[in-house]
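Thanks for making time for this today. I would like to walk through one structure with you, going from its surface to its core and then to its charged pairs.

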Amino acid sequence: MSESPPGKAGAEFQVKIASTGAVYDVPADKSIVEVLWANGFDIDTSCESGLCATCMTRYVEGDPDHQDMVLDEDERAEYLCVCCSRSRTPLLVLDL
């Protein structure tokens with residue numbers, strides 16, 4: 001049995017953009033960053049697997065399911081890596 005790539009496994013949820021109020025669906029087979037790219041956001045990535053923190057993004061509401069290997073506990077209280085993280089709550093609000 002093969003494993004799903006990081007950031008693409010789990011339930012569907014939504015991300016909301018704090019600055020505009022726009023809400024986007026994140027399906028189980030897409031990462032947050034893929035959804036953001038598809039909607040015109042310019043988010044830099046490097047590894048796309050949670051190893052570099054290039055895509056580290058502040059969140060302001062919700063409970064991220066951190067799947068990265070680089071953020072420490074303090075950083076996780078404010079940021080997530082949108083290339084691989086999911087959400088434990090139905091809505092995750094990003095500071096974008």
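**Surface, core and salt bridges**

Let me begin with one residue at the surface: Leu51 counts as exposed, because its relative accessibility is 53% and the cut-off for that class is over 50%. Please keep in mind throughout that this is a predicted model. Leu51 sits in the loop that runs between H1 and strand S3 (56-61), and together with Met69 and Val70 it makes a nonpolar surface patch of about 310 Å². In soluble globular proteins, nonpolar side chains tend to be buried together. With that tendency in mind, let me turn to the overall fold and then to the core.

The protein has two helices and seven strands, and, read from the N terminus, the order of these elements is β-β-α-β-β-α-β-β-β. The C-alpha trace spans about 40 × 30 × 25 Å along the principal axes. The radius of gyration is 12 Å, which agrees with the value near 12 Å that a compact globule of 96 residues would have. Of those 96 residues, 32% count as buried, while the accessible surface comes to about 5,400 Å², with 45% of it belonging to carbon and sulfur atoms. As for contacts with a separation of 6 or more, 50% are accounted for by residues 24 or more positions apart.

Now to the interior. Which residues have the most contacts inside the largest nonpolar core? That core has 20 residues, and the ones in question are Val15, Ile32, Leu80, Val82, Leu92 and Leu94. At least two core residues are supplied by each of strand S1 (13-17), strand S2 (23-26), helix H1 (32-38), strand S5 (79-81) and strand S7 (91-94), and the largest share, four residues, comes from H1. If we take Leu80 as an example and leave aside residues up to four places away in sequence, its contacts include Ile32, Leu92 and Leu94, and among the others are Cys55, Met56, Tyr59, Pro64 and Leu71.

The last topic is the charged pairs, since the structure holds five salt bridges, of which I will discuss some. The side chains of Arg58 and Glu78 meet in one of them, at 2.2 Å from N to O, and this pair links distant parts of the chain, with Arg58 in strand S3 and Glu78, 20 residues apart from it, in the loop between helix H2 (73-76) and S5. Arg58 also forms a salt bridge with Asp95, where the closest N and O atoms are 3.6 Å apart. Because Arg58 lies in strand S3 and Asp95 in the segment after S7, that pair ties together parts that are 37 residues apart in sequence. Arg58, Glu78 and Asp95 are thus linked in a network of salt bridges. How accessible are its members? Arg58 is partly exposed, with a relative accessible area of 30%; Glu78 is partly exposed at 36%, and Asp95 is partly exposed at 40%.

One further salt bridge joins Asp63 and Arg88, with the closest N and O atoms 3.8 Å apart. Here too distant parts of the chain are linked, as Asp63 is in the loop between S3 and strand S4 (64-65) and Arg88 is in the loop between strand S6 (86-87) and S7, 25 residues apart. Asp63 is partly exposed, with a relative accessible area of 34%, whereas Arg88 counts as exposed at 55% relative accessibility.

How values were computed. Residues are numbered from 1 along each chain as its sequence is written. This is a predicted model: local features need pLDDT of at least 70, side-chain atom pairs count only at pLDDT 80 or more; totals for chains, interfaces and linings use all residues. Side-chain values use heavy atoms; hydrogens and water are left out. A nonpolar core is a set of buried Ala, Val, Leu, Ile, Met, Phe, Trp, Tyr and Cys residues joined through side-chain atoms within 4.5 Å. Buried means under 20% relative accessible area, exposed over 50%, partly exposed in between (1.4 Å probe, protein chains only). Contact means heavy atoms within 4.5 Å. Patches are made of residues with over 30% relative accessible area and no salt bridge: like charges are joined within 9 Å, nonpolar side chains (Val, Leu, Ile, Met, Phe, Trp, Tyr) within 5 Å. Accessible areas come from the Shrake-Rupley method with a 1.4 Å probe; for residues, only the protein chains shown count as cover. A salt bridge is a side-chain nitrogen of Lys or Arg within 4 Å of a carboxyl oxygen of Asp or Glu. The radius of gyration is taken over C-alpha atoms; the globule rule is 2.2 Å times the number of residues to the power 0.38.
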